[in-house]
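This briefing reviews selected side-chain contacts and surface features. The structure is shown first, and the points follow by topic.

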Amino acid sequence: MPDAEQDGSRRRGRNETEEERADRMWTELIQEVRVAQMGVQILFGFLLTVVFTPTYEDLSGTDRTIYIVTVVLGACATGALIGPVSLHRLVSGRRIKPQAVQWASRLTLLGLALLLVTTSSSLLLILRVATHDDYVPYLVAGVVFWYLLCWFGLPMWARHRHTTR
C-alpha cells in the first residue's frame, strides 16, 4: 500500500505532467466554449436582423440606444468566445499550451460576462417593446440575478466549498 493510504489520507488530484494537464484542460475548455458560442452566435444573428424590420422604425430613442449597445455587446461577446479558437490555432506547436489555456480561459470568462450583459440588455429591450410596463427593469434585474447565481455564484460556492487550499 502506498504511504498515503496507510496513514488514512486519500490522495486528491491527478498524476499528470503540466503538458498533460494543459491538454486535458484545453479539451474541457473547448467543449465549454462550444456551448457558449452557439448561444451567443444565435443571439447575435437575431440581433443583427432587428434593424431591418419595420418595427425598428417605431422604436423610441431610448430603445434604439439599448439596441445599439446590445448589438455592440453581442459582437464583443462573440469575439471573446471565438478568441480561444484563434488563440489555439496561432500558438499551436509553440510549446506554450499551459499559457494558451490560461489566456483562453480568461477570454471565455470575459465572453461569458459579455454574454450575460448582452442577454440581459436583449431581454430589457424585448420586454420594453412588448409590454411598456414599469415592472420591466425589476423583471430583468431578477433574471440578471439568476444568471449571476447560475453562472458565477454556484460555481464559486462549489469551488470554495469543495477545494482545498
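**Salt bridges and a nonpolar patch**

Arginine 128 has a relative accessible area of 29% and is therefore partly exposed. The model in which this residue is placed is a predicted one. Five salt bridges are counted in total, and several of them are described below together with one nonpolar surface patch.

**A link between helices**
- Arginine 128 pairs with aspartate 63 in a salt bridge whose closest N and O atoms are 2.5 Å apart.
- Because arginine 128 belongs to helix H4 (residues 97-131) and aspartate 63 to helix H3 (residues 61-91), this pair ties together parts 65 residues apart in sequence.
- Aspartate 63 is buried, as its relative accessible area is 6%.

**A salt-bridge network**
- Glu16, Arg24 and Glu28 are joined into one network by salt bridges that share partners.
- Within it, the side chains of glutamate 16 and arginine 24 form a salt bridge with an N to O distance of 2.7 Å.
- Glutamate 16 is partly exposed at 24% relative accessibility, and arginine 24 is likewise partly exposed at 22%.

**A further pair**
- Glutamate 57 and arginine 64 meet through their side chains in a salt bridge of 3.6 Å, N to O.
- Glutamate 57 counts as exposed, with 57% relative accessibility, whereas arginine 64 is partly exposed at 26%.

**Nonpolar surface**
- Tyr135, Tyr138 and Leu139 make a nonpolar surface patch of about 370 Å².
- Tyrosine 138 lies in helix H5 (residues 136-162).
- The relative accessibility of tyrosine 138 is 68%, so this residue counts as exposed.

Technical notes:
Residues numbered from 1 in each chain as written. Predicted model: local features only at pLDDT ≥ 70, side-chain atom pairs only at ≥ 80, totals over all residues. Heavy atoms only, no water. Patch = residues over 30% accessible without salt bridge, like charges linked within 9 Å, V, L, I, M, F, W, Y side chains within 5 Å. Areas by Shrake-Rupley, 256 points an atom, 1.4 Å probe, with all protein chains shown as cover. Salt bridge = Lys/Arg side-chain N within 4 Å of Asp/Glu carboxyl O. Helix = DSSP H or I, 4+ residues; strand = E, 2+ residues; numbered from the N terminus. Buried < 20%, exposed > 50% of the residue type's maximum accessible area, 1.4 Å probe, protein only.
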